[in-house]
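Please work through the following exercises with the sequence and the model at hand, and try each task before reading its solution.

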Amino acid sequence: MRIFSALVSLFFLQNITCQQTPINTVSEMTWKLDYEIYLELSNDSSYTFDIRQLFHITENKNNFSTDYIYYPANLGKDFISDVESRNSNTPYDPSGSKTLWSALHGTLGGGWVHFTNCMMYALETGNLNPTAPLMKRPESKWKPNPVTETYLRTKKWKYYVPVSQKDAHKEYQIRAKQNLLGDLTSFPSEYTELFLKTKNKEYNKLKDAGQNNTTARIDLIKILLGANYLGEAQISYIRSAVLKAVKNYSINKLPSVIIFDEYDAAVVLALDTQGYTIENVIFKASANISETEAKKRTSQIYSIIKTINEYNQNTFRKQLGNYYK
């Protein structure tokens with residue numbers, strides 16, 4: 001069973017009343033030094049990004065090898081407004097849903113990229129915590145008769161998801177061997193490599209150092225590995241944590257800048273209700289790109305994002321169609 005299928009059927013939300021905070025937009029963006037991008041935001045704050053620390057797209061993919069194409073992206077104003085209106089008058093009924101996917105799909109709308117980016121933001125901000133009290137498994141000497149494979153795989157877990165790196169790696173390897181990683185294969189290779197190479201001691205150091213953007217990538221994989229084992233209380237907790245994070249989207253959240261290496265371009269991406277949307281495109285000054293070439297490359301980048309949105313939406317519809325046959 002794919003992770004997608006293991007994640008489908010939970011829809012409505014309890015009211016959480018939060019005041020939406022305005023989101024900064026980019027008022028100026030330049031790339032004069034090869035490894036530095038300068039941003040000035042609408043609140044007059046300015047930042048310099050080291051491109052070596054940003055997400056890179058190294059090639060133009062015409063043939064997609066995974067079910068979904070995922071890029072880290074900020075949440076757009078229209079998307080946040082849609083989430084607020086979607087949940088303003090609809091009480092949440094946990095008994096009407098059975099999986100994490102459907103709980104968040106009913107809450108957020110959109111597709112897989114909305115699900116993953118919102119989960120990521122909730123983890124980065126600490127609104128969602130895999131070791132929260134509701135995620136802890138009760139101590140019990142009970143065991144099924146006959147003993148099941150699921151019981152053997154999870155009996156030593158302290159939480160409903162594999163919190164320790166050792167347990168998470170073991171679960172990942174079992175899924176990979178059985179070809180049951182599902183949509184986890186759609187994550188960028190950098191995420192998977194980080195997850196697999198990080199031991200418990202290194203993970204704890206990252207947490208202690210406040211490297212939330214890094215540990216969120218690892219924790220998201222852990223939660224999806226444990227998604228099949230979540231109960232109603234855990235699903236409700238995760239849904240509420242993600243909704244709270246989205247509704248309180250911070251004015252201080254920096255824009256999501258993606259580097260298109262093939263085009264010598266830096267692109268500010270956000271999520272609208274349909275998928276990825278481009279807010280700004282600039283080119284590296286040292287590439288000496290003419291105005292005509294810049295227009296051509298900009299058009300190509302917009303075309304790539306449009307194709308990715310269509311591909312993700314078509315895959316999403318296909319997955320839903322297969323599930324409800």
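## Exercise 1: A helix and what follows

Helix α3 is followed by G109, whose phi is positive, near 75°. The model is a predicted one, and the task is to determine how many residues of helix α3 (residues 100–108) are buried.

Solution. Begin with the cut-off, under which a residue counts as buried when its relative accessible area is under 20%. The residues of α3 that are buried are L100, W101, S102, A103, L104, H105, G106, T107 and L108. Nine of the nine residues of α3 are therefore buried, so this helix is largely enclosed by the rest of the structure.

## Exercise 2: The nonpolar cores

Identify the residues with the most contacts inside the largest nonpolar core, and state which helix gives that core its largest share.

Solution. The largest nonpolar core has 76 residues, and those with the most contacts inside it are M119, L128, I238, V242, F260 and Y276. Helix α4 (residues 112–124) supplies the largest share of this core, namely nine residues. Taking V242 as an example, and leaving aside its neighbours within four places in sequence, one finds it in contact with L104, L108, C118, M119, A122 and L128. A second, separate core has 14 residues, including V26, L41, I51 and V268.

## Exercise 3: A three-stranded sheet

Work out which strands stand at the edges of the open sheet of three strands, and why one side of each is left without a neighbour in the sheet.

Solution. The order of the strands in this open sheet is β1-β2-β3, and the pairing is antiparallel. The strands β1 (26–33) and β3 (46–50) each have a single partner strand and stand at the edges, so one side of each is left without a neighbour in the sheet. Direction ignored, neighbouring strands of this sheet are turned by 20° against each other on average. The antiparallel pairing of β1 with strand β2 (residues 36–41) runs over five bridges, and E28 has E40 in β2 as its bridge partner.

## Exercise 4: Two helices in contact

Classify the crossing of helix α6 (residues 165–177) with helix α7 (residues 189–197) from the angle between their axes.

Solution. The two axes come within 9 Å and cross at roughly 125°. An angle over 145 degrees would count as roughly antiparallel and one of 65 to 115 degrees as roughly perpendicular, with the rest between these ranges taken as oblique; α6 is therefore oblique to α7. On the side of α6 the contact is made by Q165, A168, H169, Y172 and Q173, which meet T192, F195 and L196 in α7. By class, the contact of α6 with α7 has four nonpolar, four polar and no charged residues.

## Exercise 5: Three individual residues

For R153, S236 and Y263, decide whether each is buried or exposed.

Solution. R153, placed in helix α5 (residues 149–154), counts as buried at 17% relative accessibility. Leaving aside neighbours within four places in sequence, R153 is in contact with E171, I174, R175, Q178 and Y229; E171 is 18 residues from R153 in sequence and 7.5 Å away in space, C-alpha to C-alpha. S236, found in helix α10 (residues 232–247), is buried with a relative accessible area of 15%, and S236 touches Y92 and P94, not counting residues up to four places away in sequence. Y263 lies in the loop between β6 (256–260) and β7 (265–271) and, at 7% relative accessibility, counts as buried. The C-alpha atoms of Y263 and I301 are separated by 8.3 Å, although these residues are 38 residues apart along the chain.

Conventions:
Residues numbered from 1 in each chain as written. Predicted model: local features only at pLDDT ≥ 70, side-chain atom pairs only at ≥ 80, totals over all residues. Heavy atoms only, no water. Pairing = 2+ DSSP bridges. Helix = DSSP H or I, 4+ residues; strand = E, 2+ residues; numbered from the N terminus. Axes fitted to C-alpha atoms, helices over the stretch in contact; angles between N-to-C directions. Buried < 20%, exposed > 50% of the residue type's maximum accessible area, 1.4 Å probe, protein only. Contact = heavy atoms within 4.5 Å. Parallel < 35°, antiparallel > 145°, perpendicular 65-115°, else oblique. Nonpolar A, V, L, I, M, F, W, Y, C, P; charged D, E, K, R; others polar. Core = buried A, V, L, I, M, F, W, Y, C linked by side-chain atoms within 4.5 Å.
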